[in-house]
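Biologist: I'm new to this one and don't want the grand tour. Could you start from a single part, look at it closely, and then show me what else is worth finding?

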Amino acid sequence: MQELFVEGGRRLCGELTIQGSKNGVLPVLAATIVCAGECRIENCPRLSDVDASVAILRHLGCHTQWEGNALLVDTRQMDRAEVPDALMREMRSSVIFLGAILARQGEAALSYPGGCELGPRPIDMHLAALRALGAEIDERGGTLRCRADVLTAAEIVLPLPSVGATENAILAACGAEGTSVIYNAAREPELAELQAFLNAMGAEVRGAGSSVITVAGKRQLHGGTHRVGADRIVEATYLCAAAACGGDIRFKGVDYRQLSTVTAALEEAGCAVTSEGEQISLRSAGVLRAIRPVRTAPYPGFPTDAQPALMAALLCSTGSTVFVENIFENRYRHADELARMGAEIRVAGRVAVVSGVKALHGAAVKSTDLRGGAALVLAGLQAEGETCVSQLEHIDRGYEDVARDLSALGAQIERREKDR
Ligand code: UD1
């Protein structure tokens, strides 16, 4: 079992290329099967969640092949419509395949995704959207069986702007007769990424980035090429790391507008952030002050996925900062692990209050979930002595190589077997 060993106290300086976006590429990979053709996904991050998607694509009969950091997916031979339970369990967001399989095959069967480390993850809105398009769904026995001899365009109103439900609705609507309209759609940048790829395949999706998305279905689709954008959450993680440790870092090839709420929080805490074109830079003296309450919200609000990293950045700030988590029920599991390192965090339901301490000390800690695991690494970078982070399978879902990236910025961090 490998672990991450972090020796705290280094400033972070230099330039980094940010990996491709996890949440951007996963719906794009599901979308490849809406067409029967050859697709090329460039700048595809190497992550266990991508491996899980590739395993599903292969099970469905698609051919996949890596060419450097491009993933080629040939969906012409796809001949299955069901995903076995073992593959579904690998990745919670595999439910995104439901709409895509249905659009291609007129039927789909996969196991119920169930909960995850962030709490219950219902899919009622995904299913309501598919039903609105004419799918019949049988939910008995932990398996979802969907059928639609014909999908028909519909007006879909989402009760909440769910990212996954919006993606599933778009994918299924590509196979429906007529033009569907999705109201109260999620506005996350990942929707624009999905729209761009589908349109490159000949689809007609409009409005991504706004709350109303239209999908003209049953277009003649063909294979397509897509370049995955930079991962805004990985970017946020490393900005928070440099903010807390002190330093001067720069990322190229990023869209700084996607991170405006995160950079505003870091500026309020005392960092200098400059952005120009496709570049963002952050300078920090490493002494942060507490900031106004941070409330997570759907895009363009403060991203729930960046909450653990910002919390970690403020552990040694002067004063107290309140966090209010509005998206997931159970998203402070990293707080107990951070406390082992000397952090002072009080959690009550959806609220957490971080009171800055003078110093953190290294400790052996366990990742509890993907972004919570990254928060532990950030705390380790600030702590006196060595921190050992275990259960890296969580971090591997979303970070290509956190040790590679942070050491490139000057951190002392190494991934190795524990007993070496
Ligand atoms: C996506 C992201 C995840 C991010 C989240 C919120 C991917 C692969 N994952 O997850 O990293 O944290 O957006 O930005 O892109 N809900 C329901 N019923 C549903 C669907 C969702 O009640 O049918 C609720 C969820 O429990 C949650 C909220 O809606 O409280 C938002 O979830 P959603 O936007 O769907 O998140 P995901 O798409 O799962």
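**A patch, a ligand and a few odd angles**

Modeller: Let's start on the outside, where V157, Y183 and V212 make up a nonpolar surface patch with about 250 Å² of accessible area together. Keep in mind that this is a predicted model. Of that trio, V212 sits in strand β15, which covers residues 212-216. V212 counts as partly exposed because its relative accessibility is 38%, and the partly exposed class runs from 20% to 50%.

Now for the ligand. There are 19 residues around it, and those that come nearest are D124, M125, S162, D305 and I327. You can sort the shell by character: seven of its residues are nonpolar, six are polar and six are charged. Two helices, α5 (124-132) and α6 (163-173), each supply at least two residues of that shell. The biggest giver is α5, with three residues.

Zoom in on the oxygen atoms of the ligand and you'll find some short distances. At S162, a polar side-chain atom lies 2.6 Å from a ligand oxygen. With G164 the backbone is involved: one of its polar atoms is 2.8 Å from an oxygen of the ligand. I327 also uses a polar backbone atom, here 2.5 Å from a ligand oxygen. As for cover, the ligand taken alone would expose 740 Å², and the protein buries 83% of that.

Next, have a look at the loop between β20 (294-295) and α10 (307-313), which is where T304 lies. T304 has a relative accessibility of 10%, so it counts as buried, the cut-off being under 20%. Its side chain makes a polar contact of 2.8 Å with the side chain of R331. P300 is found in the loop between β20 and α10 too, and the peptide bond joining Y299 and P300 is cis, with omega at about 10°.

That last detail is worth a pause, because most peptide bonds are trans, and most residues other than glycine have a negative phi. On the phi side, K218 has a positive value, near 55°, and its place is in the loop between β15 and β16 (225-227). Remember that β15 is also the strand that holds V212. Q391 has a positive phi as well, near 60°. You'll find Q391 in the loop between β25 (386-390) and α13 (393-396). With a relative accessible area of 31%, Q391 is partly exposed.

Methods:
Residues numbered from 1 in each chain as written. Predicted model: local features only at pLDDT ≥ 70, side-chain atom pairs only at ≥ 80, totals over all residues. Heavy atoms only, no water. Patch = residues over 30% accessible without salt bridge, like charges linked within 9 Å, V, L, I, M, F, W, Y side chains within 5 Å. Areas by Shrake-Rupley, 256 points an atom, 1.4 Å probe, with all protein chains shown as cover. Salt bridge = Lys/Arg side-chain N within 4 Å of Asp/Glu carboxyl O. Helix = DSSP H or I, 4+ residues; strand = E, 2+ residues; numbered from the N terminus. Buried < 20%, exposed > 50% of the residue type's maximum accessible area, 1.4 Å probe, protein only. Near = heavy atom within 4 Å. Polar contact = N/O pair within 3.5 Å; in protein donor to acceptor, adjacent residues only side chain to side chain. Nonpolar A, V, L, I, M, F, W, Y, C, P; charged D, E, K, R; others polar.
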